[in-house]
Structures are given as C-alpha cells and as structure tokens.
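Grab a pencil and work through these exercises with the model open beside you. Each task comes with a solution that goes step by step.

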Amino acid sequence: MPISIGNFKGGSAKTTSAIHIAADMQTLGPTILGDGDIVRASVKWSARGTGMPFKVVPIAQLAKEMRAAMYDHVVIDAEANPSDEDFKDIAKGCDLLVIPTEADSTARDRLIYTLTQAQGYRPPQSPRAHHQGASAAAGRSADAPR
Ligand SMILES: Nc1ncnc2c1ncn2[C@@H]1O[C@H](COP(=O)(O)OP(=O)(O)OP(=O)(O)O)[C@@H](O)[C@H]1O
Ligand SMILES: [Mg+2]
C-alpha cells in the first residue's frame with residue numbers, strides 16, 4: 001500500500017512518522033521508504049547505527065529500486081513546504097495520507113490549510129486524530145479502494 005506522510009508545515013514530525021510507519025509496515029511485508037525531502041533526513045537517519053529493517057532511498061531512485069526488488073508497501077516522507085501542485089500530487093499518489101501535526105495554533109493553521117488542499121480534490125472523509133506527543137490526521141485518498 002502506498003502511504004504518504006505530508007504537511008505544509010515543516011518540523012511537524014513527517015520524517016519521524018515515516019520512519020516509524022515504515023518499520024511497522026515492514027512487519028506486514030517488504031517495505032520501502034522514499035525520501036522526498038530535499039535534506040534527505042530519512043536517508044541520513046537510516047544510514048546511522050545498524051540501519052533500518054526496511055529499504056530507504058531518495059524518491060528519485062524509487063522506480064529503479066522497485067524494479068530490482070518487490071515491495072508490498074511504499075512509504076513516502078514528503079517534502080516540507082511543497083507547492084500546492086506538489087502536495088496534490090503527493091496526496092493523489094497514495095492510498096493513505098498521514099498528516100502529522102503539533103498541537104499549537106501555528107501548526108493548527110497549517111493543518112487546516114493542508115486539509116483544505118487535500119480535500120480540494122477528494123470528497124471529505126472523517127479524519128482520524130491520534131494524540132501521542134504530536135497528533136495526526138489521516139484520511140483515504142479518492143483513488144484508494146473503498
Ligand atoms: N511524536 C512526536 N512527539 C514529539 N516530538 C516529536 C514527535 N515526532 C517527532 N518529534 C520531534 O519533532 C521534531 C521534528 O521532527 P521531524 O524531523 O520528523 O519533522 P519533519 O516534519 O520531518 O521536519 P521537516 O519539515 O524539516 O522535514 C524533531 O525534533 C523530532 O524529534
Ligand atoms: Mg523531514
């Protein structure tokens with residue numbers, strides 16, 4: 001399943017969430033994380049210590065890596081501050097969009113903007129909120145199987 005982690009706001013725990021979600025998905029099947037951020041935080045994180053139990057590559061190398069090996073799940077650590085068009089492409093390219101956010105007023109404003117952009121091309125769904133240090137809103141994209 002393709003899962004994207006995105007938020008217009010930087011520093012909202014996208015990379016942290018992507019790494020942990022990919023680790024969890026790996027317990028279900030072979031998983032690859034595509035790092036879409038310009039600073040390659042996921043790639044650098046995965047290179048530290050003993051590495052990750054799943055493959056991590058820059059997003060531009062995803063196609064080649066997915067030709068070389070079979071993966072059941074793809075997790076995308078999306079870029080911070082994407083353009084509106086880029087964010088729509090991120091949201092359209094996944095079955096599940098996870099939007100991690102801090103619980104403060106600045107982050108709330110960016111979350112509302114992010115949700116507005118995400119809902120601009122798909123029918124509103126019931127977002128699920130999880131509170132664990134940071135919180136996350138997640139909804140299925142229009143292209144996802146129901
Ligand atoms: N669940 C959490 N609870 C509290 N703090 C968190 C949580 N997840 C991440 N953080 C902290 O929030 C900060 C930002 O995390 P992270 O780098 O994952 O955000 P990001 O959205 O990927 O940032 P960027 O926009 O720069 O790519 C880090 O200091 C990280 O340790
Ligand atoms: Mg990041």
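**Exercise 1.** How many of the residues of β4 are buried?

*Solution.* Before counting, some housekeeping. This is a predicted model, where local features need pLDDT of at least 70, side-chain atom pairs count only at pLDDT 80 or more, and totals for chains, interfaces and linings use all residues. Residues are numbered from 1 along each chain as its sequence is written, while chains are lettered from A and ligands numbered from 1 in the order in which they are written.

Step 1: fix the terms. A residue is buried if 20 or more other C-beta atoms lie within 10 Å of its own, exposed if 12 or fewer, and partly exposed in between, with C-beta atoms placed from the backbone. Helices (H or I, at least four residues) and strands (E, at least two) are DSSP runs, numbered from the N terminus.

Step 2: count. Five of the five residues of β4 are buried, so the strand is largely enclosed by the rest of the structure.

Step 3: sort by side. H73, V75 and D77 point one way, V74 and I76 the other way, and all are buried. For the chain's background level, buried residues make up 35% of its 146 residues.

**Exercise 2.** Work out which strands pair with β4 and β1, and in what sense.

*Solution.* Step 1: the criterion. Two strands pair if DSSP finds at least two bridges between them.

Step 2: start from β4 (residues 73-77). It pairs with β1 (residues 2-5) in the parallel sense over four bridges, and I5 has D77 as its bridge partner. β2 also runs parallel to β4, joined to it by five bridges; here I32 is matched with V74.

Step 3: move on from β1. Three bridges link β1 to β5 (residues 96-101), again parallel, with L96 as the partner of I3.

Step 4: put that into the chain's order. The chain has five helices and seven strands, running β-α-β-α-β-α-β-α-β-α-β-β from the N terminus on.

**Exercise 3.** Check the length of α5 and decide how its buried residues are arranged around the axis.

*Solution.* Step 1: the expected span of a helix is 1.5 Å times one less than its number of residues. For the 15 residues of α5 (residues 105-119) that should give 21 Å, and the end C-alpha atoms are indeed 21 Å apart.

Step 2: list the buried set, which is A107, L111, T114 and A118. Seen down the axis, they fall within an arc of 65 degrees (taken from the directions from the helix axis to the C-beta atoms), so they line one face of the helix.

Step 3: turn the helix over. On the other side, S105, T106, D109, I112 and T116 are exposed.

Step 4: try α1 too. Its 13 residues reach 18 Å from first C-alpha to last, close to the 18 Å expected. Its buried residues include K14, T15, I19 and M25.

**Exercise 4.** Look at A13 and R40, and say where each sits and how buried each is.

*Solution.* Step 1: the backbone. A13 has a positive phi of about 85 degrees although it is not a glycine. R40, not a glycine either, has a positive phi of about 55 degrees.

Step 2: the location. A13 belongs to the loop between β1 and α1 (14-26). R40 lies in the loop between β2 (31-35) and α2 (41-47).

Step 3: the surroundings. A13 is buried, with 20 other C-beta atoms within 10 Å. R40 has 18 C-beta neighbours inside 10 Å, so it counts as partly exposed.
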